[in-house]
Every structure is written in structure tokens, then in C-alpha cells.
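Student: Hi! I'm new to this one, could you walk me through it?
Tutor: Happy to, let's have a look together.

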Amino acid sequence: MSTRFAVDALLFDLDGTLVDSIGDLALAANAMLAELGRPARSLEEVRCFVGKGIPKLVERCLADAPMAGADFDAALEMFQRHYTETNGRVSQAYPGVADMLAALRAQGIPMACVTNKAAAFTEPLLQLTGIASFFDAVVCGDTLDVKKPHPGMLLHACEQLGVEIGHVLMIGDSANDAQSARAAGCPVLLMTWGYTEGVPVDTIECDGLLSSANALLQRVAPRAP
């Protein structure tokens, strides 16, 4: 039988966990590459590049002829300019996610979004996909000077929510989420549909896999006072 977790709060990754955002990221990446005179990347290539924030995504897009210093900074600015235009254009919350978040909210479970995406892109995406109101805290890739898999983001989210890390559950889609949860000291479940940087999700050490948004509702309950 699958473990049921009694929690004081839930922490959610964003891209690949709650929202399918790969289309917007690929549009921005290929607009940047076109501006640089580089060949386009496929959707599947970009999918494997996502996970450690926008600078790493840009670096991976340019890996066939790496750029450094001011040239890389210029390419990063290009991507961010294009992504400002494409963010939310085709992204959608995965099926069942909004209903799942609403059910958790009805149970009174506090929730935070913890993402390596910068705040300038996170907040519009949460609004455009209709799930912003469910979160009591949002910790972005530029909130602190560290990103997942460093545990600092999860610990900061717990501080924002006023809960202890040992009484929360992390929900993600990749090794970044699993490793950050392990380092922070909380259990972690992974969605099977996300962006894993090319690593099969069933090979990532975690506390269980979720094949649907609704499946999470069967795995959590508010912790008794």
C-alpha cells in the first residue's frame, strides 16, 4: 500500500509538475537561436534542457558552440526578452491540477510554489494558468542566491509558511526536486509527466511516483494538531 503523508504544508515545483510550459520555453529558445544565426532546437531537446533555471537552459541551447562572458550575457538577455513575450502563450496547467489544488485548499493545507524560474516569469505564468491564488508563498529562482537542488529554497518556503521542514511534502518532477527535498529533510513525490533532464523518472530516488494530479489527494492529509 502506498504511504499516506500527514502534512502541515505542501511544496510544489512549477514547470513539469503543475504546468506544461515547454512550448513557451521552446518558442523563446528558438527565437534567441534564430537571432544568433544558430539552428533551432527540437521540443524534445528543450525539454531535456529544463530544470536548473534559465541561464542553464540558455547554456544548454548553445552547447554546440559555447558562448562566455559578454557574449553569453547578450544571449541570455535575448532569451529573456523573447520569453517575456512567449511566457504563458501556450502553457497550461496539467489536467486535474486546478481541481487538485482546490481540493487541497478546501482541506486547509497551506501550499507554496518553489521553482528555479525567475520571479519575473513565475508570477505571470501562475496568473495566466489560473493557479496563482492557491499558493500562500512563492519562492523563485532569484529569491535567494541558491537554486534547487540546494535545500535553501525549500527551507525558505517553510519559513514563509511558518512550518517545520519535517512536516511538509515536496511534489516535483525531477532529480532537482528529489535531491533538494532529501537535503532539506522532507519526503518527496514525483509526477511522471515532467521534465527530468533526460533521466527516467522511475530511476530517481524518491518516496513515490504520481501518474495523475488526483493521485496526490489519496496520498496526503492534514496533520493532526
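What follows is a short chat about cavities, cysteines and one helix.

Tutor: Keep in mind that this is a predicted model.

Student: Okay! How many cavities of 30 Å³ or more does a search of the whole structure find?

Tutor: The search turns up one. Its volume is about 220 Å³.

Student: Which residues are closest to the centre of that cavity?

Tutor: Of the 18 lining residues, the closest are D15, V50, G51, G53 and N116. The elements that give two or more residues to the lining are α3 (54-61) and α8 (175-184).

Student: And what is the lining like by class?

Tutor: There are five nonpolar, six polar and seven charged residues.

Student: Switching topic: how many disulfides are there?

Tutor: The count is zero.

Student: Why is C48 not bonded to C61?

Tutor: Because the two sulfurs are 11 Å apart, which is too far for a bond, even though C61 has the closest cysteine sulfur to C48. C206 is in no disulfide either, with the nearest cysteine sulfur, in C186, 12 Å away.

Student: Now helix α5. Which of its residues are buried?

Tutor: In α5 (residues 97-106), V97, M100, L101 and L104 are buried. They line one face of the helix, because seen down its axis they fall within an arc of 95 degrees.

Student: What covers them?

Tutor: The cover includes β2 (9-12), β5 (111-114) and α9 (213-217), among others.

Student: And which residues are exposed on the other side?

Tutor: D99 and A106 are exposed there. Just after α5, G108 has a positive phi of about 80 degrees.

Notes. Residues are numbered from 1 along each chain as its sequence is written. This is a predicted model: local features need pLDDT of at least 70, side-chain atom pairs count only at pLDDT 80 or more; totals for chains, interfaces and linings use all residues. Side-chain values use heavy atoms; hydrogens and water are left out. On a 1 Å grid over the protein atoms alone, a cavity is a set of points where a 1.4 Å probe fits but cannot get out, and a pocket is an open set with protein on both sides within 12 Å along at least five of seven lines; lining residues have an atom within 4 Å of a point. Grid points are joined across faces, edges and corners, and a volume is the space filled by probe spheres set on the points. Helices (H or I, at least four residues) and strands (E, at least two) are DSSP runs, numbered from the N terminus. Ala, Val, Leu, Ile, Met, Phe, Trp, Tyr, Cys and Pro count as nonpolar, Asp, Glu, Lys and Arg as charged, and the others, Gly among them, as polar. A disulfide is a pair of cysteine sulfur atoms within 2.5 Å. Buried means under 20% relative accessible area, exposed over 50%, partly exposed in between (1.4 Å probe, protein chains only). The arc is that of the directions from the helix axis to the C-beta atoms. Contact means heavy atoms within 4.5 Å.
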